[in-house]
Amino acid sequence: MRKYFEQYVRARCRTLRISISELALRAGTSREHLYRLMRGEVFNPSLQTMHGLASGLNVSTLYLLRHYFEELNLGGGIELPGRHEGDQESFVHDVTIPDGTLLGPNQAFTKTWAIQNTGDLAWAGRRLVCVDEDYVLAKRQPCGKLLPVLDNQLLPGCRETAVPDCLPGEVVEISLQFTTPALPCTTLSLWKMVDAEGQPCFPGNIGLWVKVRVVAL
């Protein structure tokens with residue numbers, strides 16, 4: 001039996017205001033198969049089934065698998081503590097401009113990240129703020145001196161942006177405008193989430209970043 005997983009699926013359905021039958025339809029499976037999955041009678045569910053179910057529940061497949069195997073007590077990865085107990089953020093994927101994208105000088109572009117609320121707290125009134133001034137990526141020379149190797153030269157269209165309010169398990173997208181520097185280089189910009197009081201939500205986490213290569217045209 002996977003009582004924890006069944007409880008999660010039912011709770012998520014209540015949040016979305018959908019029935020188990022509607023969830024099965026969204027997931028592309030039968031209601032009977034979904035009930036067997038919830039009861040733990042399907043020992044090796046296909047990735048396609050779990051992906052369909054995750055899509056129906058509006059969560060990432062990885063997040064749903066984490067819930068499914070929770071009761072096996074396999075142990076999880078190390079999660080850095082957040083400022084608020086039970087708070088957790090997870091990067092899902094780059095929607096646009098993945099790391100290393102080639103762009104021209106003085107080129108404007110839009111970067112979009114998909115992140116997920118993988119904790120137990122609802123997010124409300126949060127913002128993503130630029131923290132370029134707090135970090136310098138450098139290489140230590142034989143003499144011990146640090147030599148910067150990556151400059152924060154990307155020009156953001158703003159220094160902060162709102163994070164969409166979302167419930168635990170939901171995935172949100174955040175977009176920002178940038179302009180590349182005039183000269184060829186590899187450059188990046190770093191961003192962190194803060195709460196309604198302006199305090200970092202995840203102090204030990206480096207946050208989100210955009211990294212591009214500027215090449216001469």
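**Figure 1. Asn106 sits in the loop between β2 and β3.** This close-up, like the others here, comes from a predicted model. Asn106 is not a glycine, yet its phi is positive, at about 55°. With a relative accessible area of 53%, Asn106 passes the 50% cut-off and therefore counts as exposed. For background, most residues other than glycine have a negative phi.

**Figure 2. Arg17 lies in the loop between α1 (3-16) and α2 (20-27).** Here is another non-glycine residue with a positive phi: the value for Arg17 is about 60°. The relative accessible area of Arg17 is 76%, so this residue is exposed.

**Figure 3. Helix α4 spans residues 47-57 and is followed by Asn58.** Look along the helix for its buried residues: Thr49, Met50, Gly52, Leu53, Ala54, Gly56 and Leu57. A reminder may help when reading the pattern. An α-helix has 3.6 residues a turn, so residues three or four places apart point the same way. Just past the end of α4, Asn58 adopts a positive phi of about 60°.

**Figure 4. An open antiparallel sheet is built from four strands in the order β1-β3-β9-β7.** Its edges are β1 (89-94) and β7 (155-156), each with pairing on one side only. Start at β1, which is joined to β3 (residues 108-117) by five bridges in the antiparallel sense. Within this pair, His93 stands opposite Ala114 of β3. Moving across the sheet, β3 and β9 are antiparallel partners with nine bridges between them. Ala114 appears again here, this time facing Glu173 in β9. At the other edge, β7 and β9 run antiparallel and share two bridges. Pro156 is the residue to find there, standing opposite Phe178 of β9.

**Figure 5. Strand β9, residues 171-179, has one covered face and one uncovered face.** On the covered face you will find Val172, Ile174, Leu176 and Phe178. The uncovered face carries Val171, Glu173, Ser175, Gln177 and Thr179. Two of these residues also help to place the strand among its neighbours. Glu173, from the uncovered face, is opposite Ala114. Phe178, from the covered face, is opposite Pro156.

**Figure 6. Gln116 of strand β3 makes a contact through its side chain.** The side chain of Gln116 reaches the backbone oxygen of Gly169, at a distance of 2.7 Å. Gln116 has a relative accessibility of 2%, and so it counts as buried.

**Figure 7. A mixed open sheet holds five strands in the order β2-β11-β10-β4-β8.** The edge strands are β2 (101-103) and β8 (160-162), and each of them pairs on one side only. From one strand to the next, the twist averages 30°. Strand β10 is largely enclosed by the rest of the structure, because nine of its ten residues are buried. On one side, β10 (residues 185-194) is joined by seven bridges to the antiparallel strand β11 (residues 208-214). Two pairs can be picked out between these strands: Thr187 has Val212 as its bridge partner in β11, while Leu190 has Trp209. Strand β4 (residues 127-130) also pairs with β10, over four bridges and in the antiparallel sense. In that pairing, Arg127 has Val194 of β10 as its bridge partner.

**Figure 8. Trp123 belongs to the loop between β3 and β4.** Its relative accessibility is 2%, so Trp123 counts as buried. Keep Val163 in view as well: the C-alpha atoms of Trp123 and Val163 are 8.3 Å apart, although 40 residues separate the two in sequence.

**Figure 9. One cavity of 30 Å³ or more turns up in a search of the whole structure.** The largest cavity contains about 30 Å³ of space. Around it, the lining is made up of Glu89, Lys192, Met193, Phe202, Asn205 and Gly207. By character, this lining divides into two nonpolar, two polar and two charged residues. How is such a space found? Rolling a probe the size of a water molecule over the atoms shows where empty space is left.

Note on methods: Residues are numbered from 1 along each chain as its sequence is written. This is a predicted model: local features need pLDDT of at least 70, side-chain atom pairs count only at pLDDT 80 or more; totals for chains, interfaces and linings use all residues. Side-chain values use heavy atoms; hydrogens and water are left out. Two strands pair if DSSP finds at least two bridges between them. Buried means under 20% relative accessible area, exposed over 50%, partly exposed in between (1.4 Å probe, protein chains only). A polar contact is a pair of N or O atoms within 3.5 Å; within protein, one must be able to donate a hydrogen and the other to accept it, and residues adjacent in sequence count only if both atoms are side-chain atoms. Axes are lines fitted to C-alpha atoms, for helices over the stretch in contact, and angles run from 0 to 180 degrees between N-to-C directions. On a 1 Å grid over the protein atoms alone, a cavity is a set of points where a 1.4 Å probe fits but cannot get out, and a pocket is an open set with protein on both sides within 12 Å along at least five of seven lines; lining residues have an atom within 4 Å of a point. Grid points are joined across faces, edges and corners, and a volume is the space filled by probe spheres set on the points. Ala, Val, Leu, Ile, Met, Phe, Trp, Tyr, Cys and Pro count as nonpolar, Asp, Glu, Lys and Arg as charged, and the others, Gly among them, as polar.
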